[in-house]
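User: I would like to go through this structure by question and answer. Please keep it short and reason from the coordinates.

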Amino acid sequence: TEPEKPRKALLLVSACRLTWEKGEERIYALAEQFRNANIPFVWMVFTNGTPKKAIPGVVFCQPTLDVRSFFAKADYVVQLSDIESFCYTIVEALEQGVPVLTTPISVLPEIGFVEGENGYVLPFDMKNIDINKIYSQIPKFEAIRSRNNDIIKQWRKVLGNTKPKNRYNPNTEFIDVTVIECYGDLELNRNMTVGERVRMRKDRAIMLMNRGLVVSS
């Protein structure tokens, strides 16, 4: 017998919170479009959130500090946020020569993203997406070299002497706490769940401890 050659399966990778502003609903919508087009895929989503529903092909993984090794193996890194001030996820993908699927966040030109050259821009409403083009025309491009040293020089020229004037130590200003009562955190803009560990400013941590919402880890 001569077996039929299997179709290539896409590997997608994301690292994000499962919240509305980070595009949780867009993850579900885009995954459904891949399924409806009969495109085989595995989408690894690194998050500490709890998904609202299970979708075949989407694998929710515990977050890891460094996901670049997973980015390097991906066909696309996916970022579907409403807005990003400076999107490290996309920057790290482009620095490894990995194309990106992203929403039209305003920072894209600043970080070197070019539509069709190193990825595709998907509309916020996830409609009229050319799924077959995404599948069959994966962009190939040279990795974008980091300009960190040049940027640091530019800022030092603007700011002048950047030598610290105090002995600020972030390890003494922030502490780790464990949530013992569910509550909505206005500063973090998300709901906190029992057992979750988070680092926060000492003054906020003390306030929340006094309210019986967290304890020192």
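Analyst: A residue counts as exposed over 50% relative accessible area, as buried under 20%, and as partly exposed in between. The model discussed here is predicted.

User: N38 has a positive phi although it is not a glycine. Is N38 buried or exposed?

Analyst: Most residues other than glycine have a negative phi. N38 departs from that with a phi of about 60°. It lies in the loop between α1 (24-36) and β2. Its relative accessibility is 59%, and the cut-off is over 50%, so N38 counts as exposed.

User: M126 also has a positive phi, near 60°. Is M126 buried or exposed?

Analyst: M126 is a residue other than glycine. Its place is in the loop between β6 and α4 (131-136). The relative accessible area is 6%, and the cut-off is under 20%, so M126 is buried.

User: How many aromatic pairs does a search of the whole structure find? And what is the geometry of the rings of F34 and F41?

Analyst: The search gives four aromatic pairs. In one of them, the rings of F34 and F41 have centres 5.5 Å apart and planes at 40°. Both residues are buried. Planes under 30 degrees apart would be stacked and over 60 edge-to-face, so the F34 and F41 pair is tilted.

User: Which parts of the chain does the pair of F46 and F70 link?

Analyst: The ring centres of F46 and F70 lie 4.8 Å apart with planes at 55°, so this pair is tilted. The two residues are 24 residues apart, and the parts they link are distant in the chain. The parts are strand β2 (residues 41-46), with F46, and helix α2 (residues 68-73), with F70.

User: Which of these words fits F70: buried, partly exposed or exposed?

Analyst: Its partner F46 is buried, with a relative accessible area of 6%. F70 has a relative accessible area of 31%. That value falls between the 20% and 50% cut-offs, so F70 is partly exposed.

User: What is the strand order in the open sheet of six strands, and which strands stand at its edges?

Analyst: The order is β3-β2-β1-β4-β5-β6, with parallel pairing. Neighbouring strands are turned by 20° against each other on average, direction ignored. Each edge strand has a single partner strand, so one side of each is left without a neighbour in the sheet. The edge strands are β3 (58-61) and β6 (119-121).

User: How many bridges join β1 to β4, and which residue stands opposite L12?

Analyst: Strand β1 (residues 10-15) and strand β4 (residues 76-79) run parallel. They are joined by two bridges. Opposite L12, in β4, stands Y76.

User: What is the order of the open sheet of three strands? By what angle are its neighbouring strands turned on average?

Analyst: The order is β10-β7-β11, and the pairing is antiparallel. β10 and β11 each have a single partner strand, so they stand at the edges with one side left without a neighbour in the sheet. With direction ignored, the average turn between neighbouring strands is 45°.

User: How many bridges does β7 make with β10, and how many with β11?

Analyst: F174 has R201 in β10 as its bridge partner. Towards β11, V177 stands opposite S216, and V179 has V214 as its partner. Strand β7 (residues 174-179) and strand β10 (residues 197-201) pair over five bridges. With strand β11 (residues 214-216), the number is three.

User: Which element gives the most to the lining of the largest pocket?

Analyst: The pocket has a volume of about 630 Å³. Its lining has 22 residues, with A15, C16, R17, T64 and T89 nearest the centre. By class they divide into 10 nonpolar, five polar and seven charged. The elements that give two or more residues are α2 and α3 (88-95), and the most, three residues, comes from α3.

User: How much space lies in the largest cavity?

Analyst: One cavity of 30 Å³ or more is counted. S14, C16, K22, I27, V78, Q79 and L80 line the largest cavity. Four of its lining residues are nonpolar, two polar and one charged. Its space is about 30 Å³.

Key
Residues are numbered from 1 along each chain as its sequence is written. This is a predicted model: local features need pLDDT of at least 70, side-chain atom pairs count only at pLDDT 80 or more; totals for chains, interfaces and linings use all residues. Side-chain values use heavy atoms; hydrogens and water are left out. Rings of Phe, Tyr and Trp (its six-membered ring) pair if their centres lie within 6.5 Å; planes under 30 degrees apart count as stacked, over 60 as edge-to-face and the rest as tilted. Buried means under 20% relative accessible area, exposed over 50%, partly exposed in between (1.4 Å probe, protein chains only). Helices (H or I, at least four residues) and strands (E, at least two) are DSSP runs, numbered from the N terminus. Two strands pair if DSSP finds at least two bridges between them. On a 1 Å grid over the protein atoms alone, a cavity is a set of points where a 1.4 Å probe fits but cannot get out, and a pocket is an open set with protein on both sides within 12 Å along at least five of seven lines; lining residues have an atom within 4 Å of a point. Grid points are joined across faces, edges and corners, and a volume is the space filled by probe spheres set on the points. Ala, Val, Leu, Ile, Met, Phe, Trp, Tyr, Cys and Pro count as nonpolar, Asp, Glu, Lys and Arg as charged, and the others, Gly among them, as polar. Axes are lines fitted to C-alpha atoms, for helices over the stretch in contact, and angles run from 0 to 180 degrees between N-to-C directions.
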